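Subject: A structure for you to explore

Hi there,

Here is the structure I promised to pass on to you. Please open it beside this email, and then read on for what turned up in it.

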Amino acid sequence: MEAIRKQATKLREQVARQQQAVLKQFGAGGYGGSDNLVTDEVEFQQHQRLEKLYISTRAGKHYQRDIVRGVEGYIVTGSKQVEIGTKLSEDSRKYGMENTCTSGSTLSRAAMNYGRAHAQMEKERGNLLKALGTQVAEPLRAMVMGAPLEDARHLAQRYDRMRQEAEAQAIEVSKRQAKMRETPGNSENVMKLEAAEAKLQDLKSNMTILGKEAAAAMAAVEAQQQRLTLQRLIAMVEAERTYHQRVLQVLDQLEGEMISERQRIEAAPTPSMDNTMPPPPSYEEVNGIYASPTNNGTTDSMGFFLGEVVHPYQAESDVELNLSIGDYIVVRKVTNNGWAEGECQGKAGWFPFGYIERRERVLASKVAEVF
């Protein structure tokens, strides 16, 4: 009879171990916990909630870390782009200031405009990178590395360890109950059973309190994660939107300036002239000298200077000069009714003053072409 009782006890213990193994296999939690034989419905729901909070905050932490890494990489590459763009703007402005092209200053103006616009765009890019660093990366990094998240996770892990301890104690209580059934009336077994049950009850009580604290801490961290991450995403979108809007304004202005210059070159419009403009004075009227008075008897004394032809002109009389774009003229006299007198390629005559632009610096080879 005694042998039968011992065999039955072994079978009960074996079944209990198999049940525990099955529950651990199919009830494993996200942070190491497992559903067990000792929990009631309330504690089981609290355990599941903690498990979900643990998984949620872990995923939130990883996403925040991914954002920080992405922003930091963007700042590194963006800083290099700012350096390259700033160098390009400086080179463009230098060319515009130092260019001595003899065929006009259109490209110089375009280069100056391009350099100025690019400098503004790189400044805006620098502001964007600064905003991403201070408004996005730093707050998220502080939360990823911050104490609230780690403290809440430690509470959840302590709860999980206490829960496992309670599971083991519940098995111990089951063993003591089995021995009591085998040997009823044994005072030593009764005392051991009562001590095991008291310990189990203390573990359950402490586990309930710790579970509530851990769940509250994890829920607070989860809410803070969600709120802060959303705020930083919105700040990132706003910073990028502001950057692109300002760059678009700069580019629109630059495009307008460059198109205007291109149209000026391609169209080469003839300067408007008053239909009542009198013809130039003839050389016969001035007895062959160049300082001829105008029809109203007045001239502007400006001194000799070099001018570049910017619009072509076809002479309409023997006393006028034919002008081609890019020619240089020694201007010797300018009248107050729109005519100028000078010499170009060995020929002297009158021409509309509005068809040339004054030049302060000219290559020596171009000066030689005048005479």
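In which helix do Arg-163 and Glu-167 lie, and how many residues apart are they? Both belong to helix 4, and they sit 4 residues apart, which is about one turn of the helix. Before you go further, please keep in mind that this is a predicted model.

**A network of charged side chains**

Let's stay with that pair for a moment. The side chains of Arg-163 and Glu-167 meet in a salt bridge, with 3.9 Å from N to O. Are these two residues buried or exposed? The cut-off for buried is a relative accessible area under 20%. Arg-163 has a relative accessible area of 1%, so it is buried. Glu-167 comes out at 6% relative accessibility and therefore counts as buried too. There is also a third member: salt bridges that share partners join Glu-43, Arg-163 and Glu-167 into one network.

How does Glu-43 come into it? Glu-43 forms a salt bridge with Arg-163, and the closest N and O atoms of the two are 3.2 Å apart. This pair links distant parts of the chain, since Glu-43 is in helix 2 while Arg-163 is in helix 4 (residues 147–182), 120 residues apart. Both Glu-43 and Arg-163 are buried.

**Another salt bridge, in helix 2**

A search of the whole structure finds 15 salt bridges. One that you can look up is formed by Lys-80 with Glu-83, where the closest N and O atoms are 4.0 Å apart. These two residues are 3 apart in helix 2, so about one helical turn separates them. Lys-80 has 45% relative accessibility and so counts as partly exposed.

Helix 2 is also the place of Arg-58. With a relative accessibility of 31%, Arg-58 counts as partly exposed. Try finding Val-144 as well: Arg-58 and Val-144 are 86 residues apart in sequence, and their C-alpha atoms are 10.0 Å apart in space.

**How helix 2 and helix 3 pack**

Two packed helices are described by the angle between their axes and the distance between the axes. What are these values for helix 2 (residues 41–98) and helix 3 (residues 106–144)? The angle is about 160°, and the axes are 8 Å apart. Angles over 145 degrees count as roughly antiparallel, and helix 2 and helix 3 are therefore roughly antiparallel to each other. Their crossing is left-handed. Sorted by class, the residues in the contact of helix 2 with helix 3 are 22 nonpolar, 14 polar and 8 charged.

**Strands further along**

Now please move on to strand 3 (residues 328–335). How many of its residues are buried? Strand 3 is mostly covered, with 8 of its 8 residues buried.

Strand 3 pairs with strand 2 (residues 305–309) in the antiparallel sense, over 4 bridges. Strand 3 and strand 4 (residues 339–344) also run antiparallel, joined by 4 bridges. A good residue to click on is Val-330 in strand 3, which stands opposite Leu-306. Val-330 also stands opposite Glu-343 in strand 4.

Finally, which residue takes a positive phi in the hairpin of strand 3 and strand 4? That residue is Gly-338, with a phi near 100°, and the hairpin has 3 residues between the strands.

Enjoy looking around, and write back with any questions!

Best wishes

Technical notes:
Residues numbered from 1 in each chain as written. Predicted model: local features only at pLDDT ≥ 70, side-chain atom pairs only at ≥ 80, totals over all residues. Heavy atoms only, no water. Axes fitted to C-alpha atoms, helices over the stretch in contact; angles between N-to-C directions. Parallel < 35°, antiparallel > 145°, perpendicular 65-115°, else oblique. Left-handed = near helix turned anticlockwise from the far one by under 90°. Nonpolar A, V, L, I, M, F, W, Y, C, P; charged D, E, K, R; others polar. Buried < 20%, exposed > 50% of the residue type's maximum accessible area, 1.4 Å probe, protein only. Pairing = 2+ DSSP bridges.
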